[in-house]
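User: I should like to go through this structure in a series of questions. Please reason briefly in each reply and finish on the value or name requested.

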Amino acid sequence: MALGKYTRVEGRKSSNCCSTISVVVFVAFCLVGIWVFMSSTVPDEDQEEVPSLDNTVNDVTKQHVVADDNPKQFEDTSGDESQTSEGSQEETPISVEVESASDSNEKRDESERAESEEIREEIGDETKQISLPFADQENVEQKTHQEGSDSHDNVEEPEAKGDIEASELLKETRVENNGGWSTQAVESQNEKRSQHNSISNNNRNGISWRLCNVTAGPDYIPCLDNWEAIRNLPSTKHYEHRERHCPDEPPTCLVPLPEGYKRPVKWPTSRDKIWYNNVPHIKLAKVKGHQNWVKASGEYLTFPGGGTQFKNGALYYIDFIQKTLPNIAWGKRSRVILDVGCGVASFGGYLFERDVLTMSLAPKDEHEAQVQFALERGIPAISAVMGTKRLPLPGAVFDIVHCARCRVPWHIEGGKLLLELDRVLRPGGYFVWSATPVYQSLPEDVEIWKAMTKLTKSMCWDQLEVKRDKLNEVAAAIYRKPTSNKCYSNRPENKPPLCSNSDDQNAAWNVPLEACLHKMPEEASKRGSRWPNEWPLRLEKPPYWLKSEVGVYGKAAPEDFAADYKRWKNVVSESYLEGMGISWSSVRNVMDMRAVYGGFAAALKDLKVWVMNVVPIDSPDTLPIIYERGLFGIYHDWCESFSTYPRSYDLLHADHLFSLLKKRCELRGVIAEVDRILRPDGTLIVRDGVKTVNEVENMAKSLKWNVRLVFSNNKEALLCVQKTIWRPKQTETIFSAIA
């Protein structure tokens, strides 16, 4: 008789039966194990590998712990103008959260946490919550993240400052030196993330991004590349096609990177050479190479320091101007300069050696990428044109306006364009004009010189010097704007006419040009009635004309000014320079997206950086104060695109800006613009309400940015994030930007 599977023979199972049962049980356990493993998956798409700028991936990621048992390191301690509410007087614990990069974006529900609890016990929790009593009785949240694969080999990143030891915050069991063997815990966690990647197209925040498909490609400037609007212009006679024409809705797509993009060359080396792949335009090298503008040299574009009017070097030309008129006093009396038609901005770049800050200005025209060259070199510049509208700059703020062969027809249509220079030039300021009409005898040049002589005389400008530069075989004429209205009233005829009393010379946002002269201030207490203090004294001392004003924060303006400066010096020195892990040696181009008195920029004066101070059009107009202290800036509406090329800035600073913008426009469009103008590896610092900071943080995570720090205190928060090189694969066509 055949024995059944479970027939006992002498009180035992048969050996065949035992073998079969063992196989079945083993297979069953394997299937159950696989089912449990699959069902407990907690994926993390945000850990998709982001290539570094050097196309390398570090084998070991570095944990930046930004935790401090003194949260005031990141606070505004002055109290004079802080926008935060007072904290509770009752003792409250500090909640410090430190997250690894793999868990930074993940918010598990309770069932997922329960399923993964066993694994977390084995490898150590990736997120630890610590509750501690604290002397200052304030609530603090701090987060840090691994840089992961976005770190760069052979680049030493500064550790974020903190007194709480990382070992106390991250009680993880790290697997070190296991040869070529992985662990089950690591393999399981990686598989969970991988599975989530296939489920989630972009990220769990529900925000997806696409790449902009536009004619301009990596150089897309939405308000300057709106071909739909440009094609419908009735005329381009006055360079209307070079002016701003913003799309009805700001783009929410991301601008692609040029192929082969690299981390920019550091200043001051960048003044002389940049990576060709970062700005892959060679037309200027071919057209202007003989004038030493720019030359192609292997993988670099080099800048010998020349220009059309100073082919033998900008420094010689700068000193030539000083010798022609010693009263110019570079870096003392003359500190803030406007360079119109700047080319590749070598003039402004070399003026840094004379302690002069230059706003270089040029249109986006057939001289492809001239402003982009300037910014890549680490030289301040904006894309703008002398067209039909006022420049987005306040009146009477520049110490000198310079034009070297800038191709602007100053003399036509009643001198409307030269009168715009008169508007922005400080009373007693100089106009330096180096162009062929000054020194050539061609019929056209002679006619222009005659017209300019007549126009400048009617504007009451004094022609101080006309001197020839023998080395460069050019010449320069230097004019001086009057300091009183006496000349205006003594003119034989009122041409150009005086502007009406209702005409505000500081009104500059989308204001049409007018061919009129603004009067000089007659009261000694008014701005422009006397020259500012010499640099650097003017940086720290409140302007004389602030005495009768009420400050932005409600106190007397001089007190507000001093308190603001004190506040930002403290914030910068105590937290920005030491507490955020920012590599300041790699920072050159900085923007304060919502400047007030320019205190943030002033606090950075000892670093090798320059700061573009932006005063939003719906904020108090404090931009003249910023210029008065020897800094510079521009007006802007952040619901629109900024007039600069992509990848222009190393660091953006937004102090209580985004919460204001949310009232007027979608925050997503603003963040897309931030991504556009910020360089890969660049830093965004946000100070705002907790809710707004959380929104910005979520968007930053959806962009695969590294969150370096989140700090909250009551209703206020501080965020520091670093952009990566990640770009989405899917595209979105912006039809208005297709030529």
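User: How many nonpolar, polar and charged residues are in the lining of the second largest pocket?

Analyst: The model is a predicted one, and its second largest pocket holds about 890 Å³ of space. A total of 35 residues line that pocket. Sorted by class, the lining comprises 14 nonpolar, 11 polar and 10 charged residues.

User: Which residues are the closest to the centre of the second largest pocket?

Analyst: The candidates are the 35 residues of the lining. Among these, the closest to the centre are Asp504, Gln505, Asn506, Lys526 and Arg527.

User: Between which domains does the second largest pocket lie, and why?

Analyst: The lining takes residues from two domains, one spanning 208–257 + 536–738 and the other 310–520. Because both contribute to the lining, the pocket lies between domain 1 and domain 2.

User: Where is Asn510, and is this residue buried, exposed or partly exposed?

Analyst: Asn510 is in the loop between α14 and α15. Its phi is near 60°, a positive value in a residue other than glycine. Buried requires under 20% relative accessible area and exposed over 50%. With 43% relative accessibility, Asn510 is therefore partly exposed.

User: Which cis peptide bonds involve the prolines Pro496 and Pro536?

Analyst: Pro496 is placed in the loop between α14 (486–489) and α15, and Pro536 is also assigned to the loop between α14 and α15. For the bond leading into Pro496, omega is near -10°; for the bond leading into Pro536, omega is about 10°. The cis bonds are thus Lys495 to Pro496 and Trp535 to Pro536.

User: Why do the buried residues of helix α8 lie on the same side?

Analyst: The buried residues of α8, which spans residues 314–324, are Ala314, Tyr317, Ile318, Phe320, Ile321 and Thr324. An α-helix has 3.6 residues a turn, so residues three or four places apart point the same way. The buried residues of α8 are on the same side because they cover an arc of only 155° around the axis.

User: What covers the buried residues of α8?

Analyst: Cover is a matter of contact, meaning heavy atoms within 4.5 Å. The covering elements include one helix region, α9 (346–351). They also include the strands β11 (398–404), β12 (425–434), β13 (462–469) and β14 (474–480).

User: Where is Asn714, and what is its relative accessible area?

Analyst: Asn714 is in the loop between β20 (706–713) and β21. Although not a glycine, Asn714 has a positive phi of about 60°. Asn714 counts as partly exposed, since its relative accessible area is 29%.

Note on methods: Residues numbered from 1 in each chain as written. Predicted model: local features only at pLDDT ≥ 70, side-chain atom pairs only at ≥ 80, totals over all residues. Heavy atoms only, no water. Buried < 20%, exposed > 50% of the residue type's maximum accessible area, 1.4 Å probe, protein only. Helix = DSSP H or I, 4+ residues; strand = E, 2+ residues; numbered from the N terminus. Arc of directions from axis to C-beta. 1 Å grid on protein atoms, 1.4 Å probe; cavity = no way out; pocket = protein on both sides within 12 Å on 5 of 7 lines; lining within 4 Å. Points joined across faces, edges and corners; volume = space filled by probe spheres on them. Nonpolar A, V, L, I, M, F, W, Y, C, P; charged D, E, K, R; others polar. Domains from an automatic or database assignment.
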